[in-house]
Structure formats: C-alpha cells, structure tokens
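Please look over the sequence and the structure shown here before reading on. The paragraphs that follow begin with the ligand and its surroundings and then turn to the way the chain is divided.

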Amino acid sequence: MKRIGVLTSGGDAPGMNAAIRAIVRTAIYMDMEIFGIERGFNGLIDGDISQMNRRDVGDIVHRGGTILKTARSESFLTDQGFARAINILESFRIEGLIVIGGNGSLSGALKLAKAGVKVIGIPGTIDNDLGYTDYTIGFDTAVNTALSAIGNIRDTSHSHDRTTIVEVMGRHCGDIAICTAIGGGAEIALIPEQPFDIDEVCRKLIEAKHRGKMSSIIIKAEGANIASQTLADLIIERTGVDAKVVILGYIQRGGSPTVRDRILASTLGFEAVKLLKNDIFNRAVGVTGDQVIHLELEEALAVEKDRLIALADLVDVFSI
Ligand code: F6P
C-alpha cells in the first residue's frame, strides 16, 4: 500500500495529535504517502484532504485537541453522504484509511470496511467505552484533569461541611467516574451501568455524618440516571446536608496529554500504519496489558465493555 489517509472523528481526546504525528512520521519512514482528512467524515465527504509531510506534525505531540479537527458527521449517516465519501477516497486514490475515534467513529469505519474500503480503527475517546482495548487514547488525561479539580473541590467542601456532586463525562460508560472516584478519594460513584438508588445515597451520607465525616464528594457520570441538580436537591431535602454541584464538562476533553496517553497514541499510530503497509486491514488496534493488539473491526466492536465496573465496589470499601 502506498497512499493512505487519516482522520479524527467524534469528540476530541488528548493524545489524538500524538497519534497523528506517529502515523505521519511512520508512513513517511515506510515510504508511503499520507493524507490528512479534516473534520472527520465530513472532510471525507467534502474532499478536505491534503498531503502531509513530516514538518506538518512538528510540535504537536504535547498538544490537546486534534490538528485535523473533528466532527460528529450527520451526512455520513445518509446514503448520499456515504456514497460521496467512497467516491472521494477513490478520486484521491487513497488505498487505506485510519480512523481515530470512539465507538460511533469506529462503527463508521466498519461501514466503510463493509463497502470495500481498507480501514484501521484506533480507539480515541476520553470515555474509554470500547470493550476490546484496556484503554482508549485520552482517558488517562481526562481522569487526571478531573482529579486536579477534585483536589480544589475537596478543600472548599471540607471547609463548609458540604457534599459536592462532581459531574464527569461519560454518557454510557462510567470509567471516568469510577477512576476519578477511586483516585480522588470520593465517597460515592454513580455510573450509567448501575441502577441509581436515592435512598442508598442518602443512607451513606447520613451514616458518614454519624461517623464524623462532615463533607463528601460524589462523582456522578453524566449518563447516570439522575440529573446532578435534582440529586443535590434531594440530598438537601432528605438529609439536611448542604449539597452543591460542579459540572466539569469540556475541561476534561482538553489539555496536554499525559505520558501514558502519548505513548498509547504513538504505539497505536505506529501499529496502524505497519498493518496497512503489510496489506492487513479492517482491524482495530488497542492494548491489553502492555501488549499492542489488533482484531477484526467487527469483532472488536462486539466485545462487551465491563472491565473497570468491578472497581466501582471499591469506592464503598475505601469510604468507610
Ligand atoms: O468524547 C465523549 C464525550 O465526551 C461524552 O462523554 C460526552 O457526552 C460527549 O462526548 C459530548 O460531546 P459533544 O458535545 O462534543 O458531542
């Protein structure tokens, strides 16, 4: 394979730039031409494609966001948009495509694969919601960003004998919430994968108060089954404990990637290009333990996501 393309899609994630850099430099090192596609699948449909050279990816390994920009493409989901994307790839004579993104983006890659395009998927999302890989690019940075906020919140929560509900990202996956809760010493983690029970939350807060614990941190994933302000109101009403809400929001998606994310992104970027160079395609790359792995894209997307949920129970143990 001689001409390949790369795009970033879905929500941005710290480390996407490190992956782009690795892909561009590896491709050139392996004597291939590499094309950057802007704004995810939208750029593919619109033909926003240009050849990249080694200097285009200078000074980006440490930067959050994605120099290729990203989007959640509505047009790609239409027959017309999808057909255009295929035509554009053909007219640019792009033989292999690397898609960096989360669940939805890799599903888009699979759709292309089924239409005959040679693709490789790289997991890039802060949510860590892909079951086939231990970690996705951006997750480690997002949790560290949340943790640095928790440090500040803890100080003021303690001074005011307050419960603070910190809402972190994760529409369908509680991994950011679980790891932030354990790493930040929170009392309770609420995640989309587990049923929410207001009585249990209030009981835990009252018991903690009886044990002399006057302030608490609750980490709530955005997808957990109750709105953060409603939860705060119910806590105040039922326990008499003051409760405030902090929504961390997009802060978690920006910032300089941690070394863990830079290395993950760089090794996965290298692996993706190596596979295409060897004419191996329709695979998703990822990691288990320290091992870089790759498996059929369809198989990868079918793997159930449950690896870190068991850790949710530890939040209870550590908050006694
Ligand atoms: O990147 C994943 C994610 O951060 C989710 O946790 C969140 O719900 C979503 O993206 C929101 O992103 P946007 O508003 O950019 O679509």
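By class, how many nonpolar, polar and charged residues does the shell around the ligand have? In this predicted model, the shell consists of three nonpolar, two polar and five charged residues. The residues that surround the ligand are G11, R72, I126, D127, M169, G170, R171, E222, Y250 and R253.

Some of these residues also place polar atoms at short listed distances from the ligand. In the side chain of E222, an N or O atom is 2.6 Å from an oxygen atom of the ligand, while for the side chain of R253 the corresponding distance, again from an N or O atom to a ligand oxygen, is 2.8 Å. With G170 it is the backbone that takes part, since a polar backbone atom of that residue is 3.2 Å from an oxygen atom of the ligand. The ligand taken alone exposes 400 Å², and the protein buries 81% of that area. The space that the ligand takes is the largest pocket.

To place this pocket within the protein, it helps to turn to the domains. The protein is divided into domain 1, which covers 3-138 + 257-302, and domain 2, which covers 140-254. Because both domain 1 and domain 2 give residues to the shell around the ligand, the ligand lies between them. The centres of the two domains, taken over C-alpha atoms, are separated by 34 Å, and 14 residues of domain 1 are in contact with 13 residues of domain 2.

Methods. Residues are numbered from 1 along each chain as its sequence is written. This is a predicted model: local features need pLDDT of at least 70, side-chain atom pairs count only at pLDDT 80 or more; totals for chains, interfaces and linings use all residues. Side-chain values use heavy atoms; hydrogens and water are left out. A residue is near a molecule or strand if one of its heavy atoms lies within 4 Å of it. A polar contact is a pair of N or O atoms within 3.5 Å; within protein, one must be able to donate a hydrogen and the other to accept it, and residues adjacent in sequence count only if both atoms are side-chain atoms. Accessible areas come from the Shrake-Rupley method with a 1.4 Å probe; for residues, only the protein chains shown count as cover. On a 1 Å grid over the protein atoms alone, a cavity is a set of points where a 1.4 Å probe fits but cannot get out, and a pocket is an open set with protein on both sides within 12 Å along at least five of seven lines; lining residues have an atom within 4 Å of a point. A molecule sits in a cavity or pocket if more than half of its atoms lie within 2 Å of its grid points. Ala, Val, Leu, Ile, Met, Phe, Trp, Tyr, Cys and Pro count as nonpolar, Asp, Glu, Lys and Arg as charged, and the others, Gly among them, as polar. Domain bounds come from an automatic or database domain assignment. Contact means heavy atoms within 4.5 Å.
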